[in-house]
Amino acid sequence: MQHALKSLAKPFEKLCKATATEQQQLLSLPVIQQATQGDIKLETYVAFLTQAYHHVKHTVPLLMLTGSKISHQDEWIRTAMAEYIEEEIGHEQWILNDITASGGDAAEVRDSEPAFATEMMVAYAYDSINRIGPLTFLGLVHVLEGTSVLLATHVANSVKNTLGLPNKAFSYLYSHGDLDQGHQKFFEDLINKLSEAQLSEVIKSCKKFYHLYAGIFRGLPVS
C-alpha cells in the first residue's frame, strides 16, 4: 500500500520531499528566524536587498542560457523559460527602488561587488547549466520561489512593523510572497511534466542551491 502511494506522488511532491531537509536547514538559520519575528536591523534588511540585487540581476541571463541549452525534443520547456523571462525582466530594479525607499544608496549598491557567497551561487548556476545540463537551473528556481512564497509576505510585514518603513520599501518581497502563488503554480505544473531522469537532475541541483543560498544568509549581519 505504501509503495502504491509513493508511486502516485507527483514529481513536484517528490521534489519537495527530497529537498525538505535542506530547506529546513535554510529556514532554521538565526537571521531568518529573527526576520520572521521582526527582530531585525535596518542594516540587515538593506544587506539582504543588496545581495538579492546581485543574484536577481542574473536571473534573465540565466534563463536565456537555460533556454538556449534545451533540446529540440523539449521545446515546451524552452517555451516555459521564455514565459519566465517575460515575467522576470526588471525585478532587479524593484530591489534598487526598495533600497532607496529604505534609506539606502541604490547607486552604491549597483556599483558594488557581491558577497563571496552570492558570487559562488551565481557562478555555480552558470557552471551547472553549461557543465551538467540546463534543468539544473530549475533547482535554483525552486529554492528562490519556494522560499519566497513561504516567507516573503510574513517577513515583509514583520520587518515593516519593526523598522517603520513604507510599503514601497517592500515591493520585491511582496511581489514574491503570497501574491506570487500563480507563479508558483506555473513552476509546479512545469515540474510535474518532467521525466524521472529530468526530475533527478533538478533534485540534485536543488540540494546544492539550498546550501549555496543559505551561505548568503549566513553572511548577513544579525541583531
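Colleague: Which residue follows α8 and has a positive phi, near 90°?
Modeller: The model is predicted, and in it local features need pLDDT of at least 70, side-chain atom pairs count only at pLDDT 80 or more, and totals for chains, interfaces and linings use all residues. Residues are numbered from 1 along each chain as its sequence is written, while side-chain values use heavy atoms and leave out hydrogens and water. Helices are DSSP runs of H or I with at least four residues, strands are runs of E with at least two, and both are numbered from the N terminus. Helix α8 takes in residues 91–101, and the residue that follows this helix with a positive phi, near 90°, is G103.

Colleague: What covers the buried residues of α8?
Modeller: Buried means under 20% relative accessible area, exposed means over 50%, and partly exposed is in between, with a 1.4 Å probe and protein chains only. By that rule H91, I95, L96, D98, I99 and A101 in α8 are buried. The cover over these buried residues includes α5 (42–56), α7 (75–88), α9 (106–110) and α12 (171–175).

Colleague: Which residues is V109 in contact with, once its neighbours within four places in sequence are left aside?
Modeller: V109 belongs to helix α9 and counts as buried, at 8% relative accessibility. Its C-alpha atom is 7.8 Å from that of L96, with the two positions 13 residues apart in sequence. Contact means heavy atoms within 4.5 Å, and with those neighbours left aside V109 is in contact with T50, Y53, H54, L96 and I99.

Colleague: How many helices does the protein have?
Modeller: Reading along the sequence gives the pattern α-α-α-α-α-α-α-α-α-α-α-α-α-α. The number of strands is 0, and the number of helices is 14.

Colleague: What radius of gyration does the protein with these helices have?
Modeller: The radius of gyration is taken over C-alpha atoms, and the globule rule for comparison is 2.2 Å times the number of residues to the power 0.38. Along the principal axes, the C-alpha atoms fill a box of roughly 50 × 40 × 30 Å. For 223 residues the globule rule gives 17 Å, and the protein is close to this, so it is as compact as a globular protein of that length, with a radius of gyration of 18 Å.

Colleague: What percentage of the 223 residues is buried?
Modeller: Contacts across the sequence can be described alongside burial: among those between residues at least 6 apart in sequence, 84% join residues at least 24 apart. As for burial itself, the share of the 223 residues that counts as buried is 51%.

Colleague: How many disulfides does the structure hold?
Modeller: A disulfide is a covalent bond between the sulfur atoms of two cysteines. Here the term is applied to a pair of cysteine sulfur atoms within 2.5 Å, and the number of disulfides that the structure holds is 0.

Colleague: How far from the sulfur of C16 is the nearest cysteine sulfur?
Modeller: C16 is partly exposed, with a relative accessible area of 29%, whereas C206 counts as buried at 0% relative accessibility. C16 is in no disulfide, and its nearest cysteine sulfur, which is that of C206, lies at a distance of 8.3 Å.

Colleague: Is H142 buried or exposed?
Modeller: H142 has its place in helix α11, which takes in residues 136–163. Leaving aside neighbours within four places in sequence, this histidine is in contact with F12, L15, C16, T19, T147, F187, C206 and Y210. Its relative accessible area is 5%, so H142 is buried.

Colleague: Which residues does S148 touch, not counting those up to four places away in sequence?
Modeller: S148 also sits in helix α11 and is buried, with a relative accessible area of 14%. Its C-alpha atom is separated by 24 Å from that of D105, which is 43 residues apart from S148 along the chain. With residues up to four places away not counted, S148 touches T153, H176 and G177.

Colleague: How far apart in space are P11 and L194, C-alpha to C-alpha?
Modeller: P11 lies in helix α2, residues 11–18, and is buried, with a relative accessible area of 15%. Leaving aside neighbours within four places, P11 is in contact with I191, N192, L194 and L199. P11 and L194 are 183 residues apart in sequence, and their C-alpha distance in space is 7.2 Å.
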